[in-house]
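Work through the exercises below with the sequence and the coordinates at hand. Each task is followed by a solution in steps.

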Amino acid sequence: MHILLNDVPHACDARLTVTAFLDQQQLLAPGVALALNHQILPRSRWEEQILEEGDHLLLFQVIAGG
C-alpha cells in the first residue's frame with residue numbers, strides 16, 4: 001500500500017496504525033503533531049487509526065510561543 005508522508009511517497013503494510021507506521025519510520029517522538037488527510041489527528045487516536053491506500057500524512061514539530 002502507498003501513502004504520502006510530508007509529500008513523499010512511502011510503501012507500507014496494509015492494516016498499519018499511524019503509531020506503528022511512525023515507529024517503523026523512526027519518527028515517533030514527543031512534541032510532534034500529525035494531520036491525516038488535512039485534518040489534525042489527536043495523538044490519543046494514533047494507536048487506533050488504520051492507514052488506508054492514498055492517505056496523506058503531514059507530520060510537524062509543535063512549537064509553543066507567544
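Two strands count as paired if DSSP finds at least two bridges between them. The model used here is predicted.

**Exercise 1. Determine which residue of β5 stands opposite Val 32, and describe the pairing of the two strands.**

Step 1. Val 32 belongs to strand β3, which covers residues 32-36.
Step 2. In β5, the residue opposite Val 32 is Gln 61.
Step 3. β3 and β5 are joined by five bridges and run antiparallel. The cut-off of at least two bridges is therefore met.

**Exercise 2. Find the other strand that pairs with β3, and characterise the connection.**

Step 1. Two bridges link β3 to β4, again in the antiparallel sense.
Step 2. One pair of opposite residues is Ala 35 and Ile 40, the latter in β4.
Step 3. The two strands make a hairpin with two residues between them. In its turn, Asn 37 has a positive phi of about 55 degrees.

**Exercise 3. Assign the residues of β3 to its faces, and state whether each face is covered or uncovered.**

Step 1. In a regular strand the side chains alternate between the two faces of the sheet.
Step 2. One side of β3 carries Val 32, Leu 34 and Leu 36, and the other carries Ala 33 and Ala 35.
Step 3. Buried means under 20% relative accessible area. Five of the five residues of β3 are buried, and both faces are covered.

**Exercise 4. Repeat the analysis for β1: its partners, its turn and its faces.**

Step 1. β1, residues 2-5, is joined to β2 by four bridges, and the two run antiparallel. The bridge partner of Ile 3 in β2 is His 10, while Leu 5 stands opposite Val 8.
Step 2. β1 and β2 form a hairpin with two residues between them; Asn 6, in the turn, has a positive phi of about 50 degrees.
Step 3. With β5, β1 pairs in the parallel sense over two bridges. Here Leu 5 has Leu 57 as its bridge partner.
Step 4. Ile 3 and Leu 5 make up the covered face of β1, whereas His 2 and Leu 4 lie on the uncovered one.

**Exercise 5. Assemble the sheet and identify its edges.**

Step 1. Along the sequence, the pattern of the chain is β-β-α-β-β-β, with one helix and five strands.
Step 2. The five strands form an open sheet in the order β2-β1-β5-β3-β4, with mixed pairing.
Step 3. β2 (8-11) and β4 (39-40) each have a single partner strand, so they stand at the edges and one side of each lacks a neighbour in the sheet.

**Exercise 6. Locate Val 62, classify its exposure and name the surface patch that includes it.**

Step 1. Val 62 lies in the segment after β5 (56-61).
Step 2. Its relative accessibility is 47%, so Val 62 counts as partly exposed.
Step 3. Together with Ile 40, Leu 58 and Phe 60, Val 62 forms a nonpolar surface patch with about 350 Å² of accessible area.

**Exercise 7. Check the overall dimensions against the rule for a compact globule.**

Step 1. For 66 residues, a compact globule would have a radius of gyration near 11 Å. The chain has 12 Å, which agrees.
Step 2. Along the principal axes, the C-alpha atoms fill a box of roughly 40 × 20 × 20 Å.
Step 3. Of the 66 residues, 35% count as buried. The chain exposes about 4400 Å², and carbon and sulfur atoms supply 52% of that area.

Notes:
Residues are numbered from 1 along each chain as its sequence is written. This is a predicted model: local features need pLDDT of at least 70, side-chain atom pairs count only at pLDDT 80 or more; totals for chains, interfaces and linings use all residues. Side-chain values use heavy atoms; hydrogens and water are left out. Patches are made of residues with over 30% relative accessible area and no salt bridge: like charges are joined within 9 Å, nonpolar side chains (Val, Leu, Ile, Met, Phe, Trp, Tyr) within 5 Å. Accessible areas come from the Shrake-Rupley method with a 1.4 Å probe; for residues, only the protein chains shown count as cover. A salt bridge is a side-chain nitrogen of Lys or Arg within 4 Å of a carboxyl oxygen of Asp or Glu. Buried means under 20% relative accessible area, exposed over 50%, partly exposed in between (1.4 Å probe, protein chains only). The radius of gyration is taken over C-alpha atoms; the globule rule is 2.2 Å times the number of residues to the power 0.38.
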